[in-house]
Amino acid sequence: MNTSSTYNVVIFLNSTFYTNSLDQIIEPLISNQSAIVYLFNIHNQEKLDLTHWEKKNNNIKVEEITSQFVPPTLTEETLVIDALFGFELQHPLSGGFAAVARLINSSKSTVVSIGAPSGLFPEDNTTNNLNHIIKANYTILTEEPPLACYFDENQPFLGQWNILPINPKKEEDLVPFTSEEEVIDIIKPRRRFSHKGTYGHGLLVAGSLGMAGACSMAASASLKSGIGLLTIHTPLCNRAIHQVSTPEAMVDCDTNEICFSQLLDTTGYKAVAVGPGLGLAEESATALQHLILQCDELGTPLIIDADGLNILANYPHLYRNIKGAILTPHPVEIERLIGKCNNSYIRLNRAIEFAKKFEVFIILKDAYSFVICPDGSYQLNPTGNEGMATGGSGDVLTGILLALRAQGYSQEECIKLGTYIHGKAGDLAALEVGKIGMTAQDIIKYLPKAWKELSETALKYNGFNLFSNSTN
Ligand SMILES: NC(=O)C1=CN([C@@H]2O[C@H](COP(=O)(O)OP(=O)(O)OC[C@H]3O[C@@H](n4cnc5c(N)ncnc54)[C@H](O)[C@@H]3O)[C@@H](O)[C@H]2O)[C@@H](O)CC1
Ligand SMILES: Nc1ncnc2c1ncn2[C@@H]1O[C@H](COP(=O)(O)OP(=O)(O)O)[C@@H](O)[C@H]1O
């Protein structure tokens with residue numbers, strides 16, 4: 001038995017949280033180590049029997065905490081195991097447990113949380129005391145991750161997390177993700193007897209002086225996502241750039257040299273996307289208002305991104321005219337529409353309320369993007385990676401969505417399939433060139449491969465004959 005007051009492993013264990021199934025996680029961590037278990041018996045039950053740990057490791061001490069608690073020494077070398085509450089709490093940690101959280105968080109020890117970092121709530125942490133949540137370096141989730149795991153601000157508590165689902169959840173309790181099965185059901189084969197008119201004519205209203213790139217990338221992504229015809233409407237200064245960068249697209253130049261200013265007629269277009277690199281000029285705000293009203297009047301499918309959203313946020317009376325549109329905000333852009341939010345949970349819920357109120361479809365873009373429908377339902381997108389955290393990635397998504405809407409996919413199909421393929425192209429790019437060096441143009445480069453792989457999966461599992469040369 002170790003007689004010193006420092007141990008290699010310090011375990012904070014709550015007897016009500018413990019089950020035998022945790023042994024498979026904890027035992028390998030304490031094997032051959034000098035360890036102390038601080039056993040909290042909160043409901044004054046009979047003391048938890050840990051003799052099976054003691055039999056396997058005679059260097060382990062179990063100390064039951066009743067009232068007084070003398071804090072252990074936690075050094076850089078100590079491994080702390082937090083097995084206190086998992087996701088079971090509905091109130092912030094308080095009293096002695098809050099002190100334990102503070103002790104652990106102020107140490108330099110490596111912390112492994114089991115179930116969850118104690119103190120973190122599974123969904124809404126708005127009322128939580130963030131200073132009283134254990135900050136783990138690693139979390140071993142014992143059930144499928146709840147919503148909180150997909151929010152940026154909770155990552156410092158979770159550290160690197162992995163799942164060992166020893167308590168699998170019921171299907172209906174899982175966070176909803178778009179599945180590959182779902183998207184291969186959506187994807188439609190290209191018809192042997194078809195022509196460019198079959199796949200729709202899209203209008204991309206994008207770019208301004210210095211932001212031709214955003215427009216170029218959206219245009220290229222559209223062209224690599226099956227659109228039949230593409231017209232770019234962009235200020236005069238960018239004409240040559242687009243004629244060279246995307247020769248497949250037609251360029252309709254604005255009368256203004258540097259920004260979008262013209263009142264457009266959208267007749268004949270199957271879909272319109274507006275926003276990437278548009279800028280915030282006054283003329284553009286006037287022209288955008290007209291465009292929104294045009295699309296509303298003619299029923300032209302509309303996608304609004306980037307500066308399109310930033311301008312829209314200044315004209316809330318137009319929210320009534322975007323019914324059926326797809327909006328693709330990142331967190332900062334959505335807050336211009338729904339107001340400042342203190343955390344991701346509030347942001348998600350307000351975005352859902354916005355989608356319901358104005359009957360719009362929203363892709364709330366982030367490391368895990370949420371696709372939200374006007375009925376309030378949402379799904380998380382499973383594809384994508386941190387290599388996509390680079391300027392222009394969102395412009396690529398807008399181009400993909402324009403192509404899909406122009407081809408006749410419904411808004412719901414479009415947001416699920418579009419977000420999925422965008423992330424998949426990013427994943428293929430990362431696989432080939434790595435996450436550090438990849439750029440938004442690499443996402444575009446790998447779009448054809450992503451479409452090909454998804455189409456082949458659809459062919460294999462759904463039997464649709466994408467590549468048939470048959471004359472039927
Ligand atoms: N090559 C180009 O021409 C490019 C043009 N772009 C255009 O530049 C204009 C301005 O867009 P920006 O998005 O840069 O400006 P915004 O002012 O809308 O947003 C920028 C801020 O949002 C933050 N942000 C973005 N994603 C976030 C996330 N997931 N979580 C937390 N914070 C996040 C960033 O850190 C930054 O502070 C748009 O029209 C856009 O299309 C960009 O797309 C970049 C490339
Ligand atoms: N860490 C990440 N993991 C997965 N996807 C990401 C990550 N970072 C960014 N993305 C994706 O890249 C895109 C970024 O869009 P956005 O912020 O609008 O960029 P931009 O305006 O530069 O085009 C979004 O689709 C987002 O989901």
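Which residues are the closest to ligand 2, and how many surround it? The legends below take up this question and others for a predicted model.

**Close-up 1. The surroundings of ligand 2 in the predicted model.** Ligand 2 is surrounded by 17 residues, and the closest of these are Lys365, Gly384, Ala389, Ser393 and Gly394. Helix α12 makes the greatest contribution to the shell around ligand 2, supplying four residues. By character, the shell around ligand 2 consists of eight polar, five nonpolar and four charged residues.

**Close-up 2. The surroundings of ligand 1.** Among the 17 residues around ligand 1, those that come nearest are Gly213, Ala214, Ala306, Val332 and Gly391. At least two residues of the shell around ligand 1 come from each of α6 (212-223), α9 (306-312), α10 (331-338) and α12 (393-406), and of the elements that contribute, α10 gives the most, with three residues. Sorted by character, the shell around ligand 1 holds seven nonpolar, six polar and four charged residues.

**Close-up 3. Glu257 and the residues that it touches.** Glu257 is found in the loop that runs between β10 (250-253) and β11 (271-274). Glu257 counts as exposed because 12 other C-beta atoms lie within 10 Å, and a residue is exposed if that number is 12 or fewer. Leaving aside residues up to four places away in sequence, Glu257 touches Pro235, Leu236 and Cys237. One of these contacts, Cys237, is 20 residues apart from Glu257 in sequence, yet the two are 5.3 Å apart in space, taken from C-alpha to C-alpha.

How values were computed
Residues are numbered from 1 along each chain as its sequence is written. Chains are lettered from A and ligands numbered from 1 in the order in which they are written. This is a predicted model: local features need pLDDT of at least 70, side-chain atom pairs count only at pLDDT 80 or more; totals for chains, interfaces and linings use all residues. A residue is near a molecule or strand if its C-beta atom, placed from the backbone, lies within 6 Å of it. Ala, Val, Leu, Ile, Met, Phe, Trp, Tyr, Cys and Pro count as nonpolar, Asp, Glu, Lys and Arg as charged, and the others, Gly among them, as polar. A residue is buried if 20 or more other C-beta atoms lie within 10 Å of its own, exposed if 12 or fewer, and partly exposed in between; C-beta atoms are placed from the backbone. Two residues are in contact if their C-beta atoms, placed from the backbone, lie within 7 Å.
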